[in-house]
Structure formats: structure tokens, C-alpha cells
Amino acid sequence: MYPPHLLIPMREDLTSVGFEELTTADDVVNAVENTEGTMLVVVNSVCGCAAGAARPGVKAALAASPVKPDKMVTVFAGGDLEATAKMREYLLPYPPSSPAIGIFKDGELVHFIERHHIEGRSAQMIAQHLEMALEEFCTPANA
């Protein structure tokens with residue numbers, strides 16, 4: 001587990017744009033099982049591909065997309081061990097991956113971007129991928 005004070009800026013990278021941190025297994029269960037509509041999940045990480053591609057790509061997609069998820073949550077691999085382990089149960093059949101990005105619709109995983117789809121790609125590529133997924137699975141804000 002990483003020292004909590006080292007994770008603060010990486011956490012704030014997402015919470016500053018409206019993500020809710022899930023830090024316990026109960027938080028995860030509540031979010032996944034009680035969110036109607038769409039929920040965007042980011043499994044945050046300290047790695048370079050999280051800093052250079054995943055978080056900037058997610059933020060760019062949200063800024064550019066005309067559609068938004070109903071809820072946005074994050075767990076931090078290496079920081080929120082219990083919450084991350086529980087979230088990974090909901091992300092099955094995909095293997096543990098961080099960073100990773102998922103979209104749930106009415107509690108069911110409908111889209112998942114694994115680490116190997118993030119690693120080696122630019123933030124712009126991640127943003128374009130996520131924008132397409134948001135447009136496919138989320139309701140337009142003005143609908």
C-alpha cells in the first residue's frame with residue numbers, strides 16, 4: 001500500500017472534476033447496486049500510464065462529450081485496497097487491471113477499458129475511445 005499523502009494529488013486529479021472516491025467495500029456495493037442509469041468507474045493508479053493517459057483522457061472525454069454518466073466514481077489501486085478488491089469483483093470476467101475505466105448501466109458492466117488498452121496510448125486516444133463509449137451507453141444531458 002502506498003503512503004496516503006503521496007496519493008493526494010492523483011486522487012484530486014479525478015475528484016476535482018466530480019468523481020466520488022469509494023474507499024470501502026460497502027461504498028462500492030452501494031454505488032454499483034444502487035445507481036440507476038450509468039456510472040463511470042476509474043480504477044486509479046500511481047503508474048505513468050495513469051498520469052499520462054488515463055486520467056487526462058478521462059477528463060478530456062468528459063469535457064468534450066455531449067453526454068455524461070449519471071455518476072462518476074473512483075477507487076485507488078494501492079491505496080483503497082478493500083474498495084479496489086470489491087470493485088474488481090464487479091469488473092469480472094476481466095482480470096485485475098489498473099488503471100482501468102469501466103461503464104456500468106443499471107449495475108451491469110457494459111464497457112471496460114483495460115490497462116493494455118491504455119498503456120502506450122495517448123490521452124487523446126483514450127479520450128476518443130471513452131467519448132464513443134459515453135455516446136453509446138449514456139443518455140444525452142439535454143434528453
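Helices and strands here are DSSP runs, numbered from the N terminus, and the model they are read from is a predicted one. With that in hand, let's work through some exercises.

**Exercise 1. Find which strands helix 4 lies across, and at what angle helix 4 runs to strand 3.**

Solution. Start with the helix itself, residues 81-90. Helix 4 lies across strand 2, strand 3, strand 4 and strand 5. Next, take the direction: helix 4 runs at about 120° to strand 3. For a companion, look at helix 2 (residues 25-34), which lies across strand 2, strand 3 and strand 4 and runs at about 150° to strand 3.

**Exercise 2. Work out which residues of helix 4 are buried and what they pack against.**

Solution. Step one is the list: Ala83, Thr84, Met87 and Tyr90 are the buried residues of helix 4. Step two is their placement: these residues cover an arc of only 110° around the axis, so they sit on the same side of helix 4. The background is that an α-helix has 3.6 residues a turn, so residues three or four places apart point the same way. Step three is the partners: the buried residues of helix 4 pack against helix 2, strand 2, strand 3, strand 4 and strand 5.

**Exercise 3. Derive the strand order of the sheet and name its edge strands.**

Solution. The sheet is open, has five strands and follows the order 1-3-2-4-5 with mixed pairing. Its edge strands are strand 1 (20-21) and strand 5 (108-113), each of which pairs on one side only.

Now see what the mixed pairing looks like in two places. Strand 2 (residues 38-44) and strand 3 (residues 71-76) run parallel and are joined by six bridges; methionine 39 has lysine 71 in strand 3 as its bridge partner. Strand 4 and strand 5, by contrast, run antiparallel, with five bridges between them. There, isoleucine 101 is bridged to isoleucine 113 in strand 5. The hairpin of these two strands has two residues between them, and aspartate 106 takes a positive phi near 50° in it.

**Exercise 4. Decide whether leucine 134 and serine 122 are buried, partly exposed or exposed.**

Solution. The cut-offs are under 20% relative accessible area for buried and over 50% for exposed, with partly exposed in between. Leucine 134 has 0% relative accessibility, so leucine 134 is buried. Serine 122 has 32%, so serine 122 is partly exposed.

Then place each residue. Leucine 134 belongs to helix 6 (residues 123-137). Leaving aside neighbours within four places in sequence, leucine 134 is in contact with Ala61, Leu62, Ser65, Val67, Pro69 and Ile103. Its C-alpha atom is 9.1 Å from that of threonine 38, although the two residues are 96 apart along the chain. Serine 122 sits in the loop between helix 5 (115-118) and helix 6. The C-alpha atoms of serine 122 and glutamate 136, which are 14 residues apart along the chain, are separated by 22 Å.

**Exercise 5. Judge how compact the protein chain is for its 143 residues.**

Solution. First, tally the elements: six helices and five strands, running α-β-α-β-α-β-α-β-β-α-α from the N terminus. The radius of gyration is 14 Å, close to the 15 Å of the globule rule, so the protein chain is as compact as a globular protein of that length. To complete the picture, buried residues make up 48% of the 143 residues. Finally, among contacts between residues at least 6 apart in sequence, 73% join residues at least 24 apart.

Technical notes
Residues numbered from 1 in each chain as written. Predicted model: local features only at pLDDT ≥ 70, side-chain atom pairs only at ≥ 80, totals over all residues. Heavy atoms only, no water. Pairing = 2+ DSSP bridges. Helix = DSSP H or I, 4+ residues; strand = E, 2+ residues; numbered from the N terminus. Contact = heavy atoms within 4.5 Å. Axes fitted to C-alpha atoms, helices over the stretch in contact; angles between N-to-C directions. Buried < 20%, exposed > 50% of the residue type's maximum accessible area, 1.4 Å probe, protein only. Arc of directions from axis to C-beta. Rg over C-alpha atoms; globule rule 2.2 N^0.38 Å.
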